[in-house]
Amino acid sequence: GEARHRGVITTGYLPEEHLGALLNGARALVYPSFYEGFGLPPVEMMACGGAVLCSTAGALVETAGGRAHLVEPLDEDGWREALRRVATDDDWHTELRRGAVEAVRQFTWERCAADTLAVYRNVCGQSLRRAG
């Protein structure tokens, strides 16, 4: 298609072992999601120290919003300008990357497991109190 002539490569599914190389070699991750329950790709990109442009959908504001550039999902002009700027403005690109790793350090599998366990304990404790 036309996109291929403009240098766009559609990879399809990528195995997990190739993801780090792709993220580390990318200028930025662009994530124009309409709905997001968590938003793992932006967190993964930030964990690699990368720049993230993502939408304001769902949990993205909380998970990536501290260091990512946020754009409303349907704001075509906003996306166009953010893409142009991240591609051409080295200072802004550097600013987006600054602090990215630290911003997502809290999102570890250990933290996820501990938070999930705390929810289960809370729910089970409430069930036991109601039954007693």
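The following legends describe several close-up views of one predicted model of a protein chain.

**View 1. The protein chain as a whole, with eight helices and three strands.** Followed along the sequence, the elements of the protein chain come in the pattern α-α-β-α-β-α-β-α-α-α-α. The chain has 132 residues, of which 27% count as buried. Its accessible surface comes to about 9100 Å², and carbon and sulfur atoms account for 56% of that area. Among the contacts in the protein chain with a separation of 6 or more, 49% are between residues 24 or more positions apart.

**View 2. Strand β2 and its enclosure by the rest of the structure.** Strand β2 covers residues 51-55, and because five of these five residues are buried, the strand is largely enclosed by the rest of the structure. The two faces of β2 can be looked at in turn: Ala-51, Leu-53 and Ser-55 are buried on one side, while Val-52 and Cys-54 are buried on the other, and in this way both faces are covered.

**View 3. The pairing of β2 with strands β1 and β3.** Strand β1, made of residues 28-31, pairs with β2 in the parallel sense, and four bridges join the two. Within this pairing, Ala-28 has Ala-51 of β2 as its bridge partner. Strand β3, made of residues 69-71, also pairs with β2 in the parallel sense, here over three bridges. In that second pairing, Cys-54 stands opposite Leu-70 of β3. Helix α3, which spans residues 40-47, completes the picture, as β1, α3 and β2 together make a right-handed β-α-β unit.

**View 4. A nonpolar patch on the surface, made by Phe-34, Tyr-35 and Leu-74.** These three residues make a nonpolar surface patch of about 450 Å². One of them, Tyr-35, has its place in the loop between β1 and α3. The relative accessible area of Tyr-35 is 64%, and because a value over 50% counts as exposed, Tyr-35 is described as exposed.

**View 5. The salt bridge between Arg-67 and Glu-95.** A search of the whole structure finds six salt bridges, and one of them is formed where the side chains of Arg-67 and Glu-95 meet, at 3.4 Å from N to O. Arg-67 lies in the loop between α4 (60-63) and β3, whereas Glu-95 belongs to helix α6 (residues 90-97), so the pair ties together parts that are 28 residues apart in sequence. Both partners are partly exposed, Arg-67 with a relative accessibility of 23% and Glu-95 with a relative accessible area of 35%.

**View 6. Two further salt bridges, Arg-80 with Asp-77 and Asp-89 with Arg-85.** The side chains of Arg-80 and Asp-77 meet in a salt bridge at 2.7 Å, taken from N to O. These two residues are three residues apart in helix α5 (residues 76-88), so about one helical turn separates them. Arg-80 and Asp-77 are both exposed. The side chains of Asp-89 and Arg-85 also meet in a salt bridge, here at 3.4 Å from N to O. Asp-89, at 26% relative accessibility, counts as partly exposed, and Arg-85, with a relative accessible area of 30%, is partly exposed as well. Elsewhere, Arg-67, Glu-95 and Arg-98 are joined into one network by salt bridges that share partners.

Notes
Residues are numbered from 1 along each chain as its sequence is written. This is a predicted model: local features need pLDDT of at least 70, side-chain atom pairs count only at pLDDT 80 or more; totals for chains, interfaces and linings use all residues. Side-chain values use heavy atoms; hydrogens and water are left out. Buried means under 20% relative accessible area, exposed over 50%, partly exposed in between (1.4 Å probe, protein chains only). Two strands pair if DSSP finds at least two bridges between them. A crossover is right-handed if, with the strands pointing away from the viewer, the path from the first strand over the helix to the second runs clockwise. Contact means heavy atoms within 4.5 Å. Accessible areas come from the Shrake-Rupley method with a 1.4 Å probe; for residues, only the protein chains shown count as cover. Patches are made of residues with over 30% relative accessible area and no salt bridge: like charges are joined within 9 Å, nonpolar side chains (Val, Leu, Ile, Met, Phe, Trp, Tyr) within 5 Å. A salt bridge is a side-chain nitrogen of Lys or Arg within 4 Å of a carboxyl oxygen of Asp or Glu.
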